[in-house]
2 protein chains.
Amino acid sequence: MSFALLYRSSTPHAERWRSGLERLIPDLDFRTYPEIGKPEDVRAALVWNPPHGLLASLPNLGLVISLGAGVDHILNDPHLPHDVPVVRLVDPHMVVQMSEYVVMQVLRLYRQDLAYAEQRREKVWRELPQKPPGEWRIGILGLGQYGSDAALKLKAFGFDVAGWSRRPKTIEGVRCYDGAAGLTAMLARTDILICLLPLTPETTGILDARAFAALPQGASIINVGRGSHLVEADLVAALDSGHLYAAVLDVFSEEPLPAASPIWSHKRIIMTPHIAAATNPPTAVAIVADHIHRLRDGRTLQHVVDRERRY
Amino acid sequence: MSFALLYRSSTPHAERWRSGLERLIPDLDFRTYPEIGKPEDVRAALVWNPPHGLLASLPNLGLVISLGAGVDHILNDPHLPHDVPVVRLVDPHMVVQMSEYVVMQVLRLYRQDLAYAEQRREKVWRELPQKPPGEWRIGILGLGQYGSDAALKLKAFGFDVAGWSRRPKTIEGVRCYDGAAGLTAMLARTDILICLLPLTPETTGILDARAFAALPQGASIINVGRGSHLVEADLVAALDSGHLYAAVLDVFSEEPLPAASPIWSHKRIIMTPHIAAATNPPTAVAIVADHIHRLRDGRTLQHVVDRERRY
């Protein structure tokens, strides 16, 4: 039986994936959606945002590999076969990219970049009082590969770092909170809140008016999780009321962000077009090839998603 | 004989310095310019930008302490007594602040913040190709406390870091250049040039059209040294011709930057009002007190400026 991999993504990287994977797996039958060929040949799928029902239409599918760190874009398919393992792409290069982005944006908030930009627009030259990093309380939502790496890198700059996860975790030098009560406790002591959670039914809309009210006056947020973690209207209201100071957003409930969104021109929002940690074919190809080899050799798969937890 | 310290600065921190120093040196006679009292009482001066001739008018002056890392603002006084030692303020807190600023701005250039800001103004949503940090060649002018700390911190992010100093230096993992030939060689391999030099007659105007021409097409510069290191008109010309891509400026030839300067509104310049590494009384007070104790006790002074080198 033929072993075909079906690739499906909205990015223009199909040829880089094909050539990269064919170099590592010379007999690979690489197919790019919508050119599926015989559905029964497809044994594995490498996907971002697959159309609902696509994966269910492949009778011999043995593995779904996410093209990103998250799998919400796969698990939200109501027809997703229950018995096919889904694996996450865990690429240290993406973790490093994410931490770079987070460190850069935390430094900008801490060193008052928005206030200085405001002064600049008015041609005002004034040194602002500067609190040291140890007086800035960072709160990280999510302490997986991304959250824990960012926590340690921010810690190295001297920030007062805490983190929250669903289940108890321990990270040296980082105050770790967990569970519902822990979330409220962490929010109450957070000046900069960073969302690095997976998107699940429990975390959808976690950044809402209620969470913002639990943050101290003048706090800021950074969302590098998923757009649906954030209730955008609640954020704009919290910024405009002055309760929150600023926000950094890399992800949005609808991408590309619609032209009518007030976020495009909001002076207290720093925004980027979902570039914090892009999938990087040069490093990710070997990781994906390893998933495929494990499937073909009948070895244990890695980074398999727990369908119950949804990450 | 009375032991008076004369304080002179343009910042509003006189009272913080007075209370901080009086706590450490209870019998200190702290005087704030222009309330000099009897000039012969003044044994030490703690100054930023002292009026020319002020220090020469103090007959028993035994020590001049700079309120900043640089001493150009003292040495440019033509009446400065030749036999009075001048000491620099070397505060690790300021070095840390400077490296934070440098790391933040390098990350912004590397992660294409200006290009994304440009897209945002046009409401364009497009992921740009992103070179890894190892393909970004950083060149640091000056490898003293500031330059070497910044070099190591940038190195930790994976950048390809080189540095240049007047005399040969060695820093592990950093390609070190020196002398006039070394300068040209380093510029030719620099994508982001960072000026952390002391201001001396040799380094005045070092960032000029000639230096920019020696940089590769598309390079960017960060000036956190002194405003007079940079020929501002040459920078604007190099940016507008497209030879340089962007600049980050924290210091200017005239401060506050005059309202008529084109820098205020230049889209390829990130600017801040001389805040990269501000003198921080809470940490600096003990360092200044130590200079005073050494003078009074007749012990060896530290961080004394070499008048010939001018730093």
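This report walks through the contact between chain A and chain B, the cavities, and one loop residue.

## About the model

This is a predicted model, in which local features need pLDDT of at least 70, side-chain atom pairs count only at pLDDT 80 or more, and totals for chains, interfaces and linings use all residues. Residues are numbered from 1 along each chain as its sequence is written, chains are lettered from A and ligands numbered from 1 in the order in which they are written, and side-chain values use heavy atoms, with hydrogens and water left out.

## Where the chains meet

Let's start with the interface. Chain A and chain B each bring 40 residues to the contact (heavy atoms within 4.5 Å). Between them, about 3600 Å² is buried, and carbon and sulfur atoms give 63% of that area. Buried area here is the accessible area (1.4 Å probe) that two parts lose on being put together, summed over both. On the chain B side, B:Arg111, B:Arg120 and B:Trp125 lose the most area to chain A, together 26% of what that side buries.

Four salt bridges cross the interface, a salt bridge being a side-chain nitrogen of Lys or Arg within 4 Å of a carboxyl oxygen of Asp or Glu. A:Arg111 forms a salt bridge with B:Glu100, and their closest N and O atoms are 3.0 Å apart.

## What chain B contributes

Helix H3 (92-110), helix H4 (113-121) and strand E12 (269-271) of chain B are the elements that give two or more residues to the side touching chain A. Helices (H or I, at least four residues) and strands (E, at least two) are DSSP runs, numbered from the N terminus. The largest share of that side, eight residues, comes from H3(B). By class, the side has 24 nonpolar, seven polar and nine charged residues. Ala, Val, Leu, Ile, Met, Phe, Trp, Tyr, Cys and Pro count as nonpolar, Asp, Glu, Lys and Arg as charged, and the others, Gly among them, as polar.

## The largest cavity

A:Tyr116, A:Gln119, A:Arg120, A:Val124, B:Trp264, B:Met271 and B:Pro273 line the largest cavity. On a 1 Å grid over the protein atoms alone, a cavity is a set of points where a 1.4 Å probe fits but cannot get out, and lining residues have an atom within 4 Å of a point. Helix H4 (residues 113-121) of chain A gives the largest share of this lining, three residues.

## A loop residue

A:Ala259 sits in the loop between strand E11 (244-249) and strand E12 (269-271) of chain A. Leaving out residues up to four places away in sequence, A:Ala259 touches A:Trp264 and B:Lys123.

Methods:
1 Å grid on protein atoms, 1.4 Å probe; cavity = no way out; pocket = protein on both sides within 12 Å on 5 of 7 lines; lining within 4 Å.
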